[in-house]
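Grab a pencil and open the viewer. Below are a few worked exercises on one protein chain; try each task before reading its solution.

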Amino acid sequence: MTATGTDIAAPAPPAPRPSAPEPAAPGVYRDRDGDVWVRAEHGWLLCLQNGVAVDTTTVWQWVDGHVRDYAPFALLLPS
């Protein structure tokens with residue numbers, strides 16, 4: 001039996017990113033990609049992305065469902 005182009009299985013779809021609750025406690029967190037975030041009372045600040053410092057004066061107004069896409073989070077330093 002010989003293989004034809006129709007015998008090749010299609011690639012599997014990418015696995016969905018895990019969903020987890022956003023950490024509620026203020027502190028410094030590392031996400032699944034190794035990026036460093038600060039959870040403040042007024043929102044999230046992204047501090048390091050791919051090891052490069054970013055503008056920490058910009059608050060990401062992500063609440064309830066957006067930052068959790070980068071879970072799981074590891075607490076590095078509680079506030």
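**Exercise 1. Find out how enclosed strand β3 is.**

Keep in mind that the coordinates are a predicted model.

Step 1. Go along β3, residues 43–49, and apply the cut-off: a residue is buried if its relative accessible area is under 20%. Five of the seven residues pass, so the strand is largely enclosed by the rest of the structure.

Step 2. Set that against the whole chain, where 27% of the 79 residues count as buried.

Step 3. Look at one residue of the strand. Trp44 has a relative accessible area of 0%, which means it is buried.

**Exercise 2. Work out the strand order of the sheet and say which strands stand at the edges.**

Step 1. List the elements. The chain has five strands and zero helices, so there is nothing but β-β-β-β-β to follow from the N terminus.

Step 2. Go through some of the pairings. β2 and β3 are antiparallel with five bridges, and one of the facing pairs is Val38 with Leu45 in β3. Two bridges join β3 to β4, again antiparallel, with Gln49 opposite Val52 in β4. β1 and β5 are antiparallel too, joined by four bridges; here Tyr29 has Leu75 in β5 as its bridge partner.

Step 3. Put the strands in order. The result is an open antiparallel sheet, β4-β3-β2-β1-β5. β4 (52–53) and β5 (74–78) each have a single partner strand, so they are the edges, and one side of each has no neighbour in the sheet.

Step 4. Check the connections. β2 and β3 form a hairpin with two residues between them, and β3 and β4 form another hairpin, also with two residues between them.

**Exercise 3. Which residues make up the largest nonpolar core?**

Step 1. Collect the members: Tyr29, Trp37, Trp44, Leu46, Val67, Ala71 and Phe73, seven residues in total.

Step 2. Look for anything that stays apart. There is a second, separate core of five residues, including Val28, Val36, Leu45 and Cys47.

**Exercise 4. Describe how the aromatic rings pair up.**

Step 1. Count the pairs whose ring centres lie within 6.5 Å. There are five.

Step 2. Take Trp37 and Tyr70. Their centres are 5.8 Å apart with 40° between the planes, a tilted pair. Trp37 belongs to strand β2 and Tyr70 to the loop between β4 and β5, so this pair ties together parts that are 33 residues apart in sequence. Trp37 is buried at 2% relative accessibility, while Tyr70 is partly exposed at 24%.

Step 3. Now take Trp44 and Phe73, a stacked pair at 5.5 Å centre to centre and 25° between the planes. Trp44 sits in β3 and Phe73 in the loop between β4 and β5, 29 residues apart. Phe73 is buried, with a relative accessible area of 18%.

Step 4. Join up the pairs. Tyr29, Trp37, Trp44, Tyr70 and Phe73 end up linked in a cluster.

**Exercise 5. Which residues does Asp35 contact, leaving aside neighbours within four places in sequence?**

Step 1. Locate Asp35: you'll find it in the loop between β1 (27–30) and β2 (36–40). With 6% relative accessibility, Asp35 is buried.

Step 2. List the contacts: Tyr29, Arg30, Leu46, Leu48, Gln49 and Asn50.

Step 3. Zoom in on Asn50. Its backbone nitrogen is 3.0 Å from a polar atom of the Asp35 side chain.

Step 4. Compare the settings. Asn50 is in the loop between β3 and β4 and is exposed, with a relative accessible area of 68%.

Step 5. Check another residue. Asn50 and Gly34 are 16 residues apart in sequence, with 7.1 Å between their C-alpha atoms.

**Exercise 6. Pick out two backbone oddities, one at Asn50 and one at Pro72.**

Step 1. Recall the usual case: most residues other than glycine have a negative phi, and most peptide bonds are trans.

Step 2. Check Asn50. Its phi is positive, near 55°.

Step 3. Check the peptide bond from Ala71 to Pro72. This bond is cis, with omega near 5°, and Pro72 lies in the loop between β4 and β5.

Methods. Residues numbered from 1 in each chain as written. Predicted model: local features only at pLDDT ≥ 70, side-chain atom pairs only at ≥ 80, totals over all residues. Heavy atoms only, no water. Buried < 20%, exposed > 50% of the residue type's maximum accessible area, 1.4 Å probe, protein only. Polar contact = N/O pair within 3.5 Å; in protein donor to acceptor, adjacent residues only side chain to side chain. Contact = heavy atoms within 4.5 Å. Pairing = 2+ DSSP bridges. Core = buried A, V, L, I, M, F, W, Y, C linked by side-chain atoms within 4.5 Å. Phe/Tyr/Trp six-rings, centres within 6.5 Å; stacked < 30°, edge-to-face > 60°.
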